[in-house]
Amino acid sequence: MRIVIDTEKKYLIVPDNFFTKMEQLNDFRVENGLNEIEPLDYIKSHFEKVVAASDDCLKRKSDVIVRRIPRISNR
């Protein structure tokens with residue numbers, strides 16, 4: 001899931017389906033005996049993991065390789 005930090009406007013930009021995904025995650029957590037997680041806590045925990053994972057965690061958009069699955073034509 002891609003989350004953008006807008007440092008000029010001071011907010012986070014999440015995908016349109018973010019809250020739906022959070023509901024699904026929390027349903028799964030409750031079913032498995034875990035506590036629900038707040039959306040901002042979810043983002044903070046992943047941010048901390050990314051920053052701690054490497055000294056090379058800053059990427060330009062052009063540095064990230066996106067693998068696309070080729071579409072099969074029905075022609």
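This passage describes the fold, the core and several individual residues of a predicted model of a single protein chain.

The secondary structure of the chain consists of two helices and two strands, and these elements follow one another along the sequence in the pattern β-β-α-α. The C-alpha trace spans about 45 × 40 × 25 Å along its principal axes. The radius of gyration of the chain is 16 Å, whereas a compact globule of 75 residues would have a value near 11 Å. Of the 75 residues, 9% count as buried, and the accessible surface of the chain comes to about 7,600 Å², with 53% of that area belonging to carbon and sulfur atoms. Among the contacts in the chain with a separation of 6 or more, 20% are accounted for by residues that stand 24 or more positions apart. As for charge, the chain carries 14 positive and 13 negative side chains, and the centres of these two sets lie 11 Å apart.

The largest nonpolar core is made up of five residues, namely F18, M22, I37, Y42 and I43. Two or more residues of this core are given by each of the elements α1 (18-31) and α2 (39-53). When neighbours within four places in sequence are left aside, the core residue I37 is in contact with M22, L25, N26, R29 and Y42, and M22 and Y42 are themselves members of the core.

Two of the contact partners of I37, N26 and R29, can be considered in more detail. N26 lies in helix α1 and has a relative accessible area of 9%; because this value is under the 20% limit, N26 counts as buried. Beyond its neighbours within four places in sequence, N26 is in contact with E36 and I37. R29 is also found in helix α1, but its relative accessibility is 24%, and it therefore counts as partly exposed, a class that lies between the limits of 20% and 50%. With neighbours within four places again left aside, R29 is in contact with L34, N35, E36 and I37, so that E36 and I37 appear in the contact lists of both N26 and R29.

In the strand region, D6 is placed in strand β1. The relative accessible area of D6 is 18%, and D6 is therefore classed as buried, since the limit is set at 20%. Leaving aside the neighbours within four places in sequence, D6 is in contact with Y11 and I13. The loop between β1 (4-6) and β2 (11-13) contains K10, which has a relative accessibility of 68% and counts as exposed because this value is over 50%. The backbone of K10 is also notable, as K10 has a positive phi of about 65° although it is not a glycine. Most residues other than glycine have a negative phi.

In the second helix, H46 lies within α2 and has a relative accessibility of 34%, so it counts as partly exposed. H46 and E8 are separated by 38 residues in sequence, and the distance between them in space is 21 Å from C-alpha to C-alpha.

Key. Residues are numbered from 1 along each chain as its sequence is written. This is a predicted model: local features need pLDDT of at least 70, side-chain atom pairs count only at pLDDT 80 or more; totals for chains, interfaces and linings use all residues. Side-chain values use heavy atoms; hydrogens and water are left out. A nonpolar core is a set of buried Ala, Val, Leu, Ile, Met, Phe, Trp, Tyr and Cys residues joined through side-chain atoms within 4.5 Å. Buried means under 20% relative accessible area, exposed over 50%, partly exposed in between (1.4 Å probe, protein chains only). Helices (H or I, at least four residues) and strands (E, at least two) are DSSP runs, numbered from the N terminus. Contact means heavy atoms within 4.5 Å. The radius of gyration is taken over C-alpha atoms; the globule rule is 2.2 Å times the number of residues to the power 0.38. Accessible areas come from the Shrake-Rupley method with a 1.4 Å probe; for residues, only the protein chains shown count as cover. Lys and Arg count as positive and Asp and Glu as negative; His and the chain ends are not counted. The place of a charge is taken as NZ of Lys, CZ of Arg, CG of Asp or CD of Glu.
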